[in-house]
Amino acid sequence: MKLSSQGPYVTLDNGLVKLTVVKPQGYITGIAYGGMDNLLDPKSNESSRGLKGAEYSVVQMNKECLEVSFKNTYDPSSVGGTNLPLSVDIRYIVRTGVSGFYCYGIYERPSGCPAFDIAQTRLVFKLRKDKFHYMAITDEKQRVMPMPEDLLPDRGKQLIVPESVLLVNPINPDLKGEVDDKYMYSMDNKDSGVHGWIGSGPIIGFWTIFPSQEFRNGGPTKQNLTVHTGPTCLAMFQGTHYLGLDMVAQFEEGETWKKVFGPVFIYLNSTPDATKAHNLWTDAKKQRLFEETLWPYDFVSSPDYVAAKDRGSVSGRLLVQDRYVSRSLIPAKNAYIGLSVASTAGSWQLESKGYQFWVQTDSNGNFTIKNVIPGVYGLHGWVPGFMGDYLNNEQITISEGKQTELGNLTYVPPRDGPTLWEIGFPDRTAIGEFVPDVNPMYVNKLFINSPEKYRQYGLWDRYTDIHPELDQIYTIGISNPKTDWFFAHVDRRGPGNKYVPTTWTIKFNLNSVTTGIYQLRLSIASATRSDLEVHVNHMDTGHLVFQELNLGTDNTVCRHGIHGFYCLFSANFPSTLLVKGDNSIFLTQARGGDSLCGVLYDYLRLEAPATAESPKSLYPPIEYVHNTG
């Protein structure tokens, strides 16, 4: 283990990897590994690198581990200047025999700070464009990427979405006619964990590994960027993508706060055999699993990083009570359940200040959340197959070194009456609905015949291609959401390329009408700048049963997604609006003039009024045990 300092640079060398860092700012300017003197782009501009340190120190150095700090402490008493009201401590760790290095940051707002917002914070590595051309983020999502020059006007054509570029004269002719957009390579936190690049001459893998998701904002369904043309490799800690400005961490004047982001592991591997280059991805996946077993790490020096012995855990079993599905309690199979400081149901999606700890239940609804930082949390969850968000009635206190046993917990999803009909499957996404083939003019070959074909560019205009004059009509009992329900309720492109509102029709037949209140459940997977209206049988004010204006800021449509911020609405209306026989419900995207607005429906269900014969009255209340300890 070697540490040396020369001029404005400090180098950390464990014999496998050598880091060169500018002091006291903390910018990594060199990564030497595997015979390549620097994996990073030497022309990257140091002046635009964001947060920086002002004081360099060696935190730990022994035969096993070397940790250095680049700290910038905010002084609330200072007047003027451009410093952010935030103290930042940037840390790097190298370990003996470990092929890579660890990065983390400690952010703190001391008392006396002015009001301040954090919209985004991340690690960015810009690699050598002459070496790194192949990216991998999953087994299926891997490809040769464009060169950064391909995005410039003489080689690429910028499309309606600024980040989307049609490659008209790329350096690699095999990419001609494709569309490149960094958002196409986004991943949910729950599905990510390792992504990176494979370089050539020599063959080297550069991988960002998240050993834990606890320090990332927005919970397991938050979508984040991974890699993009540059070649760039990201470690997103906090951002607003796919959720909007409600994700911004807003701090009031005088509000104190501290959070440790990371560590993340930058893993490096190599092979001398070009035919085995793909094995670097396989090896990186194994390394990710190994890093997860080490979490929380026992070699991190900062006392702000909570060690395993100082953490707690919580266990329980989640059940679902829906008498219209089963007389018995239903095990919440494969449910997501987690701890967050968010205090209202579903608000964990927008939580950006604290830590979150999530797991999936087993087939019987059992769960154990380990390695939780002590504190008071809300216990949140959702269950595939059921609408809505679970929130435990009582907050959960996690204590140092203690395991909390919750026993049986019951989630009662929204329900007032029996199902008359339903469209889709409640999983908080529009997966399973009709996603059209991409316009051949705007293809990304990676997503042809892919389960993620929704990642293709310009699918919002395909609605017009399929429905050039008349809007979508869906008939209950005949239509199929996989072929007949367009995945995004968008505007139609009309004459003069003007985008006009659209109205979708749901037709259904009733053998009888029960006196009372009917409920249309609208489970929304995403919405962007939408005015959503629902009418029953006639398009007039007397039959308008629901209206929500300015719904959503997700930008999911233009960012090639299939979900964003999940929310649930109910349209209640009297039985007098229905008739025996044929009926129609009209869903209107009432905002025109916006090619990229849209609503993605997760699931729709029409419920009849509860009657004396319905399960709601037939079955007695179900008692369940709720123990804490």
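# Cavities, a pocket and helix H1

Me: Which residues line the second largest cavity?
Reply: This is a predicted model, in which local features need pLDDT of at least 70 and side-chain atom pairs count only at pLDDT 80 or more, while totals for chains, interfaces and linings use all residues. Residues are numbered from 1 along each chain as its sequence is written, and side-chain values use heavy atoms, with hydrogens and water left out. A cavity is a set of points, on a 1 Å grid over the protein atoms alone, where a 1.4 Å probe fits but cannot get out, and a lining residue has an atom within 4 Å of a point. The lining consists of Lys-129, Phe-132, His-133, Met-145, Pro-146, Met-147, Pro-148, Trp-197, Gly-230 and Pro-231.

Me: How much space lies in the second largest cavity?
Reply: Grid points are joined across faces, edges and corners, and a volume is the space filled by probe spheres set on them. By the cavity rule there are two cavities of 30 Å³ or more. The space in the second largest cavity is about 40 Å³.

Me: How many charged residues are in the lining of the largest cavity?
Reply: Ala, Val, Leu, Ile, Met, Phe, Trp, Tyr, Cys and Pro count as nonpolar, Asp, Glu, Lys and Arg as charged, and the others, Gly among them, as polar. The lining includes Tyr-454, Trp-460, Phe-487 and His-560. Its classes are six nonpolar, four polar and, for charged residues, none.

Me: Which element supplies the largest share of the lining of the second largest pocket?
Reply: A pocket is an open set of grid points with protein on both sides within 12 Å along at least five of seven lines. The second largest one holds about 630 Å³ of space, and 24 residues line it, with Ser-212, Gln-213, Glu-214, Trp-358 and Val-359 nearest its centre. Helices (H or I, at least four residues) and strands (E, at least two) are DSSP runs numbered from the N terminus. The largest share, four residues, is from E27.

Me: Why are the buried residues of H1 on the same side?
Reply: Buried means under 20% relative accessible area, exposed over 50%, and partly exposed in between (1.4 Å probe, protein chains only). In H1 (residues 279–294), the buried residues are Leu-280, Trp-281, Ala-284, Gln-287 and Glu-291. The arc is that of the directions from the helix axis to the C-beta atoms. They are on the same side of H1 because they cover an arc of only 110 degrees.

Me: Which exposed residues are on the face of H1 turned away from its buried side?
Reply: The cover over the buried residues of H1 includes strands E8 (100–109) and E23 (257–271). The face turned away carries Lys-286, Leu-289 and Thr-293.

How values were computed:
Expected span 1.5 Å × (residues − 1). Contact = heavy atoms within 4.5 Å.
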